[in-house]
Amino acid sequence: MTDETVTHREWSLAELAAAYAYPGPTAGGRPVPWLRANMVSTLDGAAQHEGRSQPISSAADMRIFGTLRALADVVIVGAETVRQEVYRPARARAEFAEQRKAAGQGPAPAIAVVSGRLDLDFSLPLFTSPLVPTLVLTGAAAPADRVAAAEKAGARVVIAGDGVGVEPARAVRALGDLGYTRLLTEGGPRLLGQLVAAGVLDELCLTVSPMLTAGDAQRIAGGPSVAVPQRFVLASLLEEEGFLFTRYQRS
Ligand SMILES: NC(=O)c1ccc[n+]([C@@H]2O[C@H](COP(=O)([O-])OP(=O)(O)OC[C@H]3O[C@@H](n4cnc5c(N)ncnc54)[C@H](OP(=O)(O)O)[C@@H]3O)[C@@H](O)[C@H]2O)c1
């Protein structure tokens with residue numbers, strides 16, 4: 001025990017942005033893709049309640065969520081999360097405008113929807129009126145009429161797989177080739193599980209929500225398990241009102 005006084009105060013958005021900055025370019029000056037995931041889980045491992053993550057989130061979680069978006073070039077998200085959470089385009093935030101400009105970024109990150117079937121409502125604002133065109137990541141065998149519908153709505157279709165599905169490593173490469181290197185994924189669990197299994201995840205920002213829900217909700221990452229558990233190291237830990245904001249990086 002020490003008698004040090006611990007000061008509790010709310011971090012400013014600028015402080016959060018500095019704390020969560022993406023790694024810089026390599027020694028050669030070349031930016032390399034860095035894939036970060038941001039997820040929230042209850043104490044008993046639920047990644048959603050009644051189909052949404054909002055009931056297990058908090059105001060501080062949303063501040064970090066917004067900050068991580070503001071730092072990213074692109075937000076990669078699975079089609080089911082887009083459908084269930086009715087995803088909207090990312091907004092331009094005045095608080096981050098200067099920083100994004102200095103980093104050579106557009107006013108808001110692009111949203112990249114991962115989908116094989118492309119069973120998406122292309123009349124939604126996500127596709128028709130984003131600040132920067134929404135991307136659709138899919139495979140070469142995706143239904144041609146749905147690819148055409150996506151493009152007609154204004155989305156940029158990026159092929160990152162030979163079959164119907166997206167191959168995670170190829171998606172990361174394809175985004176890097178388009179100049180997107182500060183990558184953020186917001187899941188959902190089925191997508192995140194594939195990113196983990198493919199070994200392309202560099203960082204996990206996991207909010208531990210001080211709630212218990214029991215039930216049969218998904219965990220933050222699903223699908224087949226990896227052969228050997230992947231070890232991550234704790235990079236930072238913040239707390240507000242019992243919520244823990246962890247940040248783990250690949251060791
Ligand atoms: N706790 C959290 O932080 C958090 C975060 C996000 C979401 N969630 C919750 O998670 C739930 C949804 O997650 P989910 O795991 O069911 O779905 P998901 O991962 O969001 O989306 C799954 C869908 O993404 C597409 N997809 C995934 N991998 C693909 C691949 N390799 N190639 C092509 N398409 C691929 C497929 O779309 P098609 O069917 O269109 O082919 C698939 O049906 C929601 O309840 C949401 O609230 C929680």
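Begin by colouring the chain by secondary structure: in this predicted model, the program assigns eight helices and nine strands to the chain.

With the whole chain still selected, turn the model and look at its overall proportions, since the C-alpha trace spans about 65 × 45 × 35 Å along its principal axes. The radius of gyration of the chain is 18 Å, which agrees with the value near 18 Å that a compact globule of 251 residues would have. If you then colour by burial, the buried residues make up 38% of the 251 residues in the chain. Among the contacts with a separation of 6 or more, 69% join residues that lie 24 or more positions apart in the chain.

Next, select residues 33–226, the stretch that an unreviewed UniProt entry annotates as "domain: Bacterial bifunctional deaminase-reductase C-terminal". Over this stretch the chain is 32% helix and 20% strand, and the C-alpha atoms at its two ends are 22 Å apart.

Now select the ligand together with the 30 residues around it, of which G78, E80, T81, G187 and G188 come nearest. The elements that give two or more residues to this shell are β1 (34–42), α3 (79–85) and α8 (189–197), so defined as runs of secondary structure numbered from the N terminus. Highlight α3 in its own colour, because the largest share of the shell, five residues, comes from that helix.

Finally, colour the shell by residue class. Which classes does the shell around the ligand have? There are nine nonpolar, 14 polar and seven charged residues around the ligand.

Key. Residues numbered from 1 in each chain as written. Predicted model: local features only at pLDDT ≥ 70, side-chain atom pairs only at ≥ 80, totals over all residues. Near = placed C-beta within 6 Å. Helix = DSSP H or I, 4+ residues; strand = E, 2+ residues; numbered from the N terminus. Nonpolar A, V, L, I, M, F, W, Y, C, P; charged D, E, K, R; others polar. UniProt positions renumbered as here; feature names shortened; annotations may be inferred. Rg over C-alpha atoms; globule rule 2.2 N^0.38 Å. Buried ≥ 20, exposed ≤ 12 C-beta atoms within 10 Å, placed from the backbone. Contact = placed C-beta atoms within 7 Å.
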